[in-house]
Amino acid sequence: MSRRIAAFFDLDRTLLEVNSAGLWAKHELLGGNISARQFARVVLWNTLYHLSIIDIEAAFREAVAHYRGRRYRDLEEETRQWFAREVAHRIRPGARRTLREHREQGHDLVLLTSASAFEARAAVETWSLDDYLSNDFPTDDDGRLLGTFVPPLCYGEGKVRRAQAWASEREVDLAHSYFYSDSLTDFPMLRAVGYPRVVSPDPRLRRAAKRLGWPILEW
Ligand SMILES: [Mg+2]
């Protein structure tokens, strides 16, 4: 029996050599959309996020509330241009190679990220991925953001729930699928697939991967 297999990829510091949330915050600072103080908070969040010591949902809620009233369509277009200009070329060489290898094997290439759906769509389009799971934002009847996100947050266990729902709809077998990530925050999803792949990991994830015998890749 042939089974359908997916290769899931985290975005920030996995496919990309950088955390694109920081690049977006810089873009917003330069565009005058956030203050220096707000920028400093985002930088701090990014640091704490990697140490997994903040309430990520609360931080996310605060960040998203900032966009209340903005047009969904405008933000989509702005993100697309920003991604092409400042993000797309930051893909790691090993990521390009690995995407190609999975494509050649007929696997579904799926971005699985806590980034926005705007950014995820830009990435899918740029690198010809098959699908994405990310965070999206509800709007009012005029297409303006409500300043909230669609739960569950695509982060930690939320990534697992999203991936399981996606896989069962498509008869994809997670036990024979792959997930690539750099971060301990993705530990639940790494455990949910048959082939966890740890990429240039943070120190705690490196230790966990060694203990569990998971392959550690340097892209
Ligand atoms: Mg990451």
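**View 1. Strand 1 and strand 2 run parallel in this predicted model**. Strand 1 covers residues 6-9 and strand 2 covers residues 108-116, and four bridges join them. Within this pair, A6 of strand 1 is placed opposite D108 of strand 2. Helix 7, residues 117-127, packs on the sheet and touches both strand 2 and strand 3. The direction of helix 7 makes about 150 degrees with that of strand 2.

**View 2. Six strands form an open sheet**. The strand order is 3-2-1-4-5-6, and the pairing is parallel. Strand 3 (131-135) and strand 6 (216-217) are the edge strands, each of which pairs on one side only. Strands of a sheet pair through backbone hydrogen bonds.

**View 3. The largest nonpolar core has 50 residues**. The members that touch the most other members are F8, F9, V110, L111, L112 and A163. F8 and F9 fall within strand 1 (residues 6-9), while V110, L111 and L112 fall within strand 2 (residues 108-116). Leaving aside residues up to four places away in sequence, F9 touches T14, L15, L111, L112 and Y180.

**View 4. E169 is an exposed residue of helix 8**. Helix 8 spans residues 157-170. E169 has 8 other C-beta atoms within 10 Å, and it counts as exposed because the cut-off for that class is 12 or fewer. P188 is 19 residues from E169 along the chain, and the C-alpha atoms of E169 and P188 are separated by 20 Å.

Technical notes. Residues numbered from 1 in each chain as written. Predicted model: local features only at pLDDT ≥ 70, side-chain atom pairs only at ≥ 80, totals over all residues. Pairing = 2+ DSSP bridges. Helix = DSSP H or I, 4+ residues; strand = E, 2+ residues; numbered from the N terminus. Contact = placed C-beta atoms within 7 Å. Axes fitted to C-alpha atoms, helices over the stretch in contact; angles between N-to-C directions. Core = buried A, V, L, I, M, F, W, Y, C linked by C-beta atoms within 7 Å. Buried ≥ 20, exposed ≤ 12 C-beta atoms within 10 Å, placed from the backbone.
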